[in-house]
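Hello,

Here is the structure we spoke about handing over. Please open it first, and then read the notes below it.

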Amino acid sequence: MAFLPVAKFAALAIKQVSKPIAKALTTSAKNSPAFSRWLENLGRILHRGSTWTNRMALGLDTTSKCSTISKEKAISDGSEFLGEGILFAIAVGATAWEYKSSNDKAIVAKAAQAEKERELLARVTALEDALARVEARQVAAVAVPSSESAKRGWF
(Lines give C-alpha, C1' and ligand atoms only; values in the text may rest on other atoms or scores of the structure.)
Protein backbone atom coordinates (compact mmCIF):
# COMPACT_ATOMS: atom_id res chain seq x y z
CA MET A 1 0.00 0.00 0.00
CA ALA A 2 1.41 3.38 -1.00
CA PHE A 3 1.21 6.19 1.49
CA LEU A 4 0.51 9.73 0.36
CA PRO A 5 3.04 12.34 1.44
CA VAL A 6 0.55 14.24 3.59
CA ALA A 7 3.19 16.57 5.03
CA LYS A 8 4.30 17.62 1.54
CA PHE A 9 0.69 18.21 0.48
CA ALA A 10 0.09 20.29 3.62
CA ALA A 11 3.20 22.38 2.94
CA LEU A 12 2.07 22.91 -0.66
CA ALA A 13 -1.40 23.94 0.51
CA ILE A 14 0.10 26.42 2.96
CA LYS A 15 2.24 27.92 0.20
CA GLN A 16 -0.80 28.23 -2.09
CA VAL A 17 -2.94 29.88 0.59
CA SER A 18 -0.17 32.31 1.52
CA LYS A 19 -0.54 34.38 -1.69
CA PRO A 20 -4.08 35.64 -0.89
CA ILE A 21 -3.10 36.13 2.73
CA ALA A 22 -0.13 38.26 1.72
CA LYS A 23 -2.32 40.26 -0.66
CA ALA A 24 -4.89 40.91 2.07
CA LEU A 25 -2.18 41.98 4.52
CA THR A 26 -0.57 44.37 2.04
CA THR A 27 -3.97 45.87 1.14
CA SER A 28 -4.81 46.46 4.80
CA ALA A 29 -1.32 47.87 5.38
CA LYS A 30 -1.79 50.34 2.51
CA ASN A 31 -5.07 51.55 4.02
CA SER A 32 -3.63 52.02 7.50
CA PRO A 33 -2.07 55.47 8.03
CA ALA A 34 0.76 54.16 10.22
CA PHE A 35 1.60 51.28 7.90
CA SER A 36 1.31 53.43 4.79
CA ARG A 37 3.99 55.78 6.19
CA TRP A 38 6.15 52.75 6.97
CA LEU A 39 5.55 51.34 3.47
CA GLU A 40 6.37 54.74 1.95
CA ASN A 41 9.68 54.85 3.82
CA LEU A 42 10.42 51.26 2.84
CA GLY A 43 9.62 52.04 -0.81
CA ARG A 44 11.95 55.03 -0.79
CA ILE A 45 14.76 52.98 0.81
CA LEU A 46 14.28 50.29 -1.83
CA HIS A 47 14.38 52.94 -4.59
CA ARG A 48 17.62 54.42 -3.24
CA GLY A 49 19.16 50.96 -2.96
CA SER A 50 18.09 50.02 -6.45
CA THR A 51 19.41 53.28 -7.89
CA TRP A 52 22.73 52.91 -6.05
CA THR A 53 23.08 49.30 -7.25
CA ASN A 54 22.36 50.26 -10.85
CA ARG A 55 24.84 53.13 -10.72
CA MET A 56 27.46 50.85 -9.17
CA ALA A 57 26.89 48.20 -11.85
CA LEU A 58 27.24 50.79 -14.62
CA GLY A 59 30.36 52.30 -13.07
CA LEU A 60 28.70 55.68 -12.48
CA ASP A 61 29.08 58.06 -9.53
CA THR A 62 27.26 56.60 -6.51
CA THR A 63 27.65 59.70 -4.33
CA SER A 64 25.27 61.90 -6.34
CA LYS A 65 21.77 62.47 -4.98
CA CYS A 66 19.06 60.00 -5.93
CA SER A 67 15.86 61.18 -7.62
CA THR A 68 12.73 61.05 -5.50
CA ILE A 69 9.68 58.98 -6.33
CA SER A 70 6.04 59.79 -5.69
CA LYS A 71 4.35 58.84 -2.46
CA GLU A 72 2.00 56.43 -4.27
CA LYS A 73 4.88 54.72 -6.08
CA ALA A 74 6.84 54.41 -2.81
CA ILE A 75 3.85 52.89 -1.00
CA SER A 76 3.23 50.54 -3.92
CA ASP A 77 6.87 49.40 -3.99
CA GLY A 78 6.95 49.01 -0.21
CA SER A 79 3.73 47.00 -0.14
CA GLU A 80 4.96 44.78 -2.98
CA PHE A 81 8.17 44.14 -1.05
CA LEU A 82 6.16 43.40 2.11
CA GLY A 83 3.95 40.93 0.24
CA GLU A 84 6.93 39.16 -1.29
CA GLY A 85 8.59 39.07 2.13
CA ILE A 86 5.50 37.46 3.64
CA LEU A 87 5.40 34.87 0.85
CA PHE A 88 9.10 34.15 1.31
CA ALA A 89 8.74 33.80 5.08
CA ILE A 90 5.83 31.38 4.72
CA ALA A 91 7.70 29.35 2.10
CA VAL A 92 10.81 29.19 4.30
CA GLY A 93 8.71 28.17 7.30
CA ALA A 94 6.91 25.44 5.35
CA THR A 95 10.17 24.15 3.90
CA ALA A 96 11.84 24.15 7.33
CA TRP A 97 8.87 22.29 8.83
CA GLU A 98 8.95 19.76 5.99
CA TYR A 99 12.70 19.27 6.42
CA LYS A 100 12.35 18.84 10.18
CA SER A 101 9.59 16.26 9.84
CA SER A 102 11.57 14.25 7.29
CA ASN A 103 14.68 14.54 9.48
CA ASP A 104 12.69 13.29 12.48
CA LYS A 105 11.53 10.30 10.44
CA ALA A 106 15.14 9.57 9.48
CA ILE A 107 16.21 9.72 13.14
CA VAL A 108 13.44 7.29 14.13
CA ALA A 109 14.40 4.95 11.27
CA LYS A 110 18.07 5.10 12.30
CA ALA A 111 17.16 4.29 15.92
CA ALA A 112 15.02 1.35 14.77
CA GLN A 113 17.91 0.09 12.63
CA ALA A 114 20.32 0.37 15.57
CA GLU A 115 17.88 -1.56 17.79
CA LYS A 116 17.57 -4.27 15.15
CA GLU A 117 21.37 -4.50 14.92
CA ARG A 118 21.61 -4.84 18.72
CA GLU A 119 19.01 -7.63 18.68
CA LEU A 120 20.86 -9.45 15.90
CA LEU A 121 24.16 -9.09 17.74
CA ALA A 122 22.60 -10.52 20.91
CA ARG A 123 21.16 -13.40 18.90
CA VAL A 124 24.54 -14.12 17.24
CA THR A 125 26.25 -14.04 20.65
CA ALA A 126 23.69 -16.48 22.09
CA LEU A 127 24.12 -18.81 19.11
CA GLU A 128 27.91 -18.69 19.47
CA ASP A 129 27.61 -19.57 23.16
CA ALA A 130 25.26 -22.45 22.35
CA LEU A 131 27.65 -23.69 19.67
CA ALA A 132 30.57 -23.53 22.12
CA ARG A 133 28.58 -25.61 24.65
CA VAL A 134 27.68 -28.18 21.96
CA GLU A 135 31.31 -28.38 20.83
CA ALA A 136 32.46 -28.84 24.45
CA ARG A 137 29.93 -31.66 24.96
CA GLN A 138 31.02 -33.25 21.70
CA VAL A 139 34.69 -33.15 22.72
CA ALA A 140 33.79 -34.62 26.12
CA ALA A 141 31.66 -37.35 24.53
CA VAL A 142 34.42 -38.33 22.10
CA ALA A 143 37.08 -38.32 24.83
CA VAL A 144 35.16 -40.54 27.29
CA PRO A 145 34.60 -43.63 25.11
CA SER A 146 38.22 -43.78 23.97
CA SER A 147 39.47 -43.84 27.56
CA GLU A 148 36.94 -46.52 28.55
CA SER A 149 37.84 -48.69 25.55
CA ALA A 150 41.51 -48.51 26.53
CA LYS A 151 40.67 -49.76 30.03
CA ARG A 152 38.52 -52.67 28.89
CA GLY A 153 40.84 -53.72 26.17
CA TRP A 154 38.36 -54.04 23.42
CA PHE A 155 39.67 -54.32 19.88
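**Helix H3 and its salt bridges**

Lys 100 and Asp 104 both belong to helix H3 (residues 71-152), where they sit 4 residues apart, about one turn of the helix. Before going further, please keep in mind that this is a predicted model.

The side chains of Lys 100 and Asp 104 are joined in a salt bridge, with N to O at 2.9 Å. Asp 104 is partly exposed, because its relative accessibility of 34% falls between the 20% limit for buried and the 50% limit for exposed.

Helix H3 holds another such pair. Glu 115 makes a salt bridge with Arg 118, and their closest N and O atoms are 2.8 Å apart. Glu 115 and Arg 118 are about one helical turn from each other because they are 3 residues apart in helix H3. Glu 115 has a relative accessible area of 34% and is partly exposed.

**Helix H2**

How many salt bridges does a search of the whole structure find? The search finds 4. One of them involves helix H2: the side chains of Arg 44 and Glu 40 meet at 3.0 Å, N to O. Helix H2 covers residues 33-58, and Arg 44 and Glu 40 are 4 residues apart in it, so about one helical turn separates them.

Are Arg 44 and Glu 40 buried or partly exposed? Glu 40 is buried, with a relative accessible area of 14%, whereas Arg 44 is partly exposed at 21%. The cut-off for buried is under 20%, so Glu 40 at 14% meets it and Arg 44 at 21% does not.

As general background, side chains of opposite charge can pair when their charged atoms come close.

**Helix H1**

Helix H1 takes in residues 6-31. From its first C-alpha to its last, this helix of 26 residues reaches 38 Å, close to the 38 Å expected at 1.5 Å a residue. Where does H1 have a kink? The kink lies at Ser 18, shortly before the proline Pro 20, and is about 30°.

Ser 18 is also among the buried residues of H1. The others are Ala 11, Ala 22, Thr 26 and Ala 29.

On the surface, Val 17, Ile 21 and Leu 25 make up a nonpolar patch, with about 240 Å² of accessible area together. Leu 25 lies in H1 and counts as partly exposed, at 41% relative accessibility. A residue needs over 30% relative accessible area to be part of a patch, so Leu 25 at 41% passes that cut-off.

Regards

Technical notes:
Residues numbered from 1 in each chain as written. Predicted model: local features only at pLDDT ≥ 70, side-chain atom pairs only at ≥ 80, totals over all residues. Heavy atoms only, no water. Helix = DSSP H or I, 4+ residues; strand = E, 2+ residues; numbered from the N terminus. Buried < 20%, exposed > 50% of the residue type's maximum accessible area, 1.4 Å probe, protein only. Patch = residues over 30% accessible without salt bridge, like charges linked within 9 Å, V, L, I, M, F, W, Y side chains within 5 Å. Areas by Shrake-Rupley, 256 points an atom, 1.4 Å probe, with all protein chains shown as cover. Expected span 1.5 Å × (residues − 1). Bend = angle between axes of the 7 residues up to and from the residue.
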